[in-house]
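I wanted a quick pass through this one before saying anything about it. These are my notes, in the order I looked things up.

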Amino acid sequence: MKTSRSKINPNKRTRHDGGGRHGEVVGLLNNSRWPPLVVGLTGGIGSGKSTVAAWLKKRGVPVLDADAVVHRALQVGGRGYKATFKLFGPSVRRKDGSLDRAVMASLVFERPSLRKKLEGILHPIVEREFRRRISAHRRGLLVLEVPLLFETGMDRWVDRTVLVWAPKKFCLSRLVASGRLTRAQAMARMAAQMALSEKRRRAHFLLFNNVTRATLLRNVRHLFAGPGGATLPLVYKNVTTS
């Protein structure tokens, strides 16, 4: 497969709204006549990328979730369990042998050197799984949901990159309101990621999530299913087969 990126201006961003019935969208996204296209989906913590991924999954699009791969790797017997336990020690192990990810998270965001070591264990596991799935993908759309898409260099593996963008204040308030993180914890996680301005510069497409969820999903439908749900999606523009 060849993809032409020359006609895509990553510095030119346009908001899109679209419609289309659910059945039309499913038919488009499951169209096996299309060439293979790998899309990297990313966004800052609390931006709403999981909402976009869930919309795609519901319509039959295969979505590879980096966080899910990490979760499996850290389970007892998982590929990253022993090395991670050795890195952190018994303080992160529960009585049943499982690793307490909340405790691990609090430690790694206090100690950047520890976070780098953990990433050195887990990122290669994610990369191997994704490479295997990408090499087996033959037709149609495949989406990689990767929070650290640009930070890890995985954007080099994909044909298109989509950034779910939301203002920092929006993401922060959403994270705190969820009860999962304190304000300090949320700010530490946000600070550990690449600046959103740099992600915006690198991404092919932006999905703005600064109004309502319904607006976000209209934009998602337009990008992935085309205006009115009846034309070639924007993500497929300039794609040719070898």
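My entries below go from the whole chain to the strands, then to a helix, a pocket and two single residues.

**Entry 1: the whole chain.** I'm working from a predicted model, so I read everything here as computed. I counted secondary structure first and got 10 helices and 7 strands in the protein chain. Then burial: of the 242 residues, 49% count as buried. The exposed surface comes to about 12,400 Å², and carbon and sulfur atoms supply 52% of it. I also checked how far along the sequence the contacts reach. Among contacts with a separation of 6 or more, 77% are between residues 24 or more positions apart.

**Entry 2: strand β5.** How many of the residues of β5 are buried? I went through residues 160-165 and found 6 of 6 buried. I then split the strand by face. Arg 160, Val 162 and Val 164 sit on one side, Thr 161, Leu 163 and Trp 165 on the other, and all of them are buried.

Next I looked up the strands that pair with β5. Strand β2 (residues 37-43) runs parallel to β5, and 5 bridges join them. Strand β6 (residues 205-208) also pairs with β5 in the parallel sense, over 4 bridges. Val 162 is a handy marker: Leu 41 stands opposite this residue, and Val 162 in turn stands opposite Phe 205 in β6. Two places on, Val 164 has Leu 207 of β6 as its bridge partner.

While on β6 I noted its side chains too. Phe 205 and Leu 207 point one way, Leu 206 and Phe 208 the other, and all are buried.

**Entry 3: strand β4.** I repeated the exercise on β4 (residues 141-145), where 5 of 5 residues are buried. One side holds Leu 141, Val 143 and Glu 145, the other Leu 142 and Leu 144, and both faces are covered. I made a note of Glu 145, a buried residue of this strand.

Which strands pair with β4? β2 does, in the parallel sense over 5 bridges, with Val 38 set against Leu 142 as bridge partners. Strand β3 (residues 63-65) does as well, again parallel, over 3 bridges. There I found Asp 65 partnered with Glu 145. So my sketch has β2 written down twice: it pairs with β5 and with β4.

**Entry 4: helix α2 and what follows.** I listed the buried residues of α2 as Lys 49, Thr 51, Val 52, Ala 53, Trp 55 and Leu 56. After the helix comes Gly 60, with a positive phi near 85 degrees.

**Entry 5: Val 220.** Is Val 220 buried or exposed? Its relative accessibility is 0%, so Val 220 counts as buried. This residue lies in helix α10 (residues 213-225). Setting aside neighbours within four places in sequence, I found Val 220 in contact with Val 52, Trp 55, Leu 207 and Ala 225. Val 52 and Trp 55 were already on my list of buried α2 residues, and Leu 207 was among the buried residues of β6. I also took a C-alpha distance to α2's Ala 53: 9.7 Å, for two residues 167 apart along the chain.

**Entry 6: the largest pocket.** Its volume is about 1,400 Å³. I count 44 residues in the lining, with Ile 45, Asp 67, Arg 101, Phe 109 and Pro 147 nearest the centre. By type, the lining divides into 20 nonpolar, 12 polar and 12 charged residues.

Which helix gives the most to the lining? α6 does, with 7 residues. Helices supplying at least two residues each are α2 (49-58), α3 (66-74), α5 (101-108), α6 (112-136), α7 (168-177) and α8 (183-191).

**Entry 7: Gln 185.** I finished in helix α8, where Gln 185 is found. Gln 185 has a relative accessible area of 31%, so I put this residue down as partly exposed. From Gln 185 to Leu 175, C-alpha to C-alpha, I get 9.5 Å, with their positions 10 residues apart in sequence counted as the separation.

Terms used:
Residues are numbered from 1 along each chain as its sequence is written. This is a predicted model: local features need pLDDT of at least 70, side-chain atom pairs count only at pLDDT 80 or more; totals for chains, interfaces and linings use all residues. Side-chain values use heavy atoms; hydrogens and water are left out. Buried means under 20% relative accessible area, exposed over 50%, partly exposed in between (1.4 Å probe, protein chains only). Two strands pair if DSSP finds at least two bridges between them. On a 1 Å grid over the protein atoms alone, a cavity is a set of points where a 1.4 Å probe fits but cannot get out, and a pocket is an open set with protein on both sides within 12 Å along at least five of seven lines; lining residues have an atom within 4 Å of a point. Grid points are joined across faces, edges and corners, and a volume is the space filled by probe spheres set on the points. Ala, Val, Leu, Ile, Met, Phe, Trp, Tyr, Cys and Pro count as nonpolar, Asp, Glu, Lys and Arg as charged, and the others, Gly among them, as polar. Contact means heavy atoms within 4.5 Å. Accessible areas come from the Shrake-Rupley method with a 1.4 Å probe; for residues, only the protein chains shown count as cover.
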